[in-house]
Amino acid sequence: MRLIKSKEFSLTSQENDKFILRSISQQDIELLRVWKNDHRGSFFFKETITSEMQNTWFQSYTQTNDDFMMIVQQDNEKIGCIGFRLIKNTVDIYNVILGRKEFSKNGYMANALKIVCSEAMRRYPNKPIVASVLKTNPALQWYVRRGFVINAEFEEHYVVILPEAQLKQFGGKI
Ligand SMILES: CC(C)(COP(=O)(O)OP(=O)(O)OC[C@H]1O[C@@H](n2cnc3c(N)ncnc32)[C@H](O)[C@@H]1OP(=O)(O)O)[C@@H](O)C(=O)NCCC(=O)NCCS
């Protein structure tokens, strides 16, 4: 399955030259599947994703324009993933997973979030940037510590949003 050219890109960090966000290719989808299954308690979809389901997802992903799944790499190691997509004029940050526990609490995923928000602002100026977080997920506080605020409450989850002041902070080059 070939990806359209515009879905193949990478994002770098000015703070850390060994850190890169690289858009996924077919070679990454098994790893993404394993990470997602390992953390399924943190997400809406609670079933185990099979290889077949993952292939079907990737096939439809290749056909979309405004949906980008990135692998987070430090020193050429794949340590996690983070996605962003345009849904109804809103940028949705999704599938945020630190796949390799030994890299936790180093700020790598916070840096990935910052880079993705900057890229989203560049591509989609003035669009709100949000994430949906299950009420039971401690990651809610992780978003709050990165400047997100709760914007809406639903039965099972919150929608957090990056306020305008934070948007400006992420607007410059990282
Ligand atoms: C959410 C998740 C990605 C966060 O991973 P993490 O390793 O805690 O996050 P970071 O890499 O950003 O590390 C942040 C911590 O590193 C520490 N840190 C150390 N050096 C740092 C630096 N230079 N910059 C920033 N933080 C630094 C901070 O104490 C920070 O902790 P805090 O959030 O309490 O402030 C991870 O817990 C995860 O994969 N959870 C399961 C999936 C999930 O719930 N995803 C979200 C679905 S909505």
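Which residue stands opposite Tyr158 in S8? It's Val133. Keep that pair in mind while we walk through this model, which is a predicted one.

Start with the sheet. Eight strands make up an open sheet, and going across you meet them in the order S1-S2-S3-S4-S5-S6-S8-S7, with mixed pairing. Strand S1 (10-12) and strand S7 (149-153) sit at the edges with a single partner strand each, so one side of each has no neighbour in the sheet. On average, neighbouring strands here are turned by 30° against each other, if you ignore direction. As background, strands of a sheet pair through backbone hydrogen bonds, either parallel or antiparallel.

Now zoom in on the S8 end of things. S8 covers residues 157-161 and runs antiparallel to S7, with 4 bridges joining the two. To get from S7 to S8, the chain makes a hairpin through 3 residues. Glu153 has Tyr158 of S8 as its bridge partner. S8 is also joined to S6 by 5 bridges, and those two strands run antiparallel as well. Remember Val133? That residue stands opposite Tyr158 too.

Next, look for helix H3 (residues 108-123). H3 lies across S1, S2, S3, S4, S5 and S6, and runs at about 30° to S4.

Finally, find the ligand. It has 18 residues around it, and the closest are Ser42, Ser104, Gly107, Met109 and Ala110. S5, H3, S6 and helix H4 (139-145) are the elements that give two or more residues to this shell. Sort the shell by character and you get 10 nonpolar, 6 polar and 2 charged residues.

Notes
Residues numbered from 1 in each chain as written. Predicted model: local features only at pLDDT ≥ 70, side-chain atom pairs only at ≥ 80, totals over all residues. Pairing = 2+ DSSP bridges. Axes fitted to C-alpha atoms, helices over the stretch in contact; angles between N-to-C directions. Contact = placed C-beta atoms within 7 Å. Near = placed C-beta within 6 Å. Nonpolar A, V, L, I, M, F, W, Y, C, P; charged D, E, K, R; others polar.
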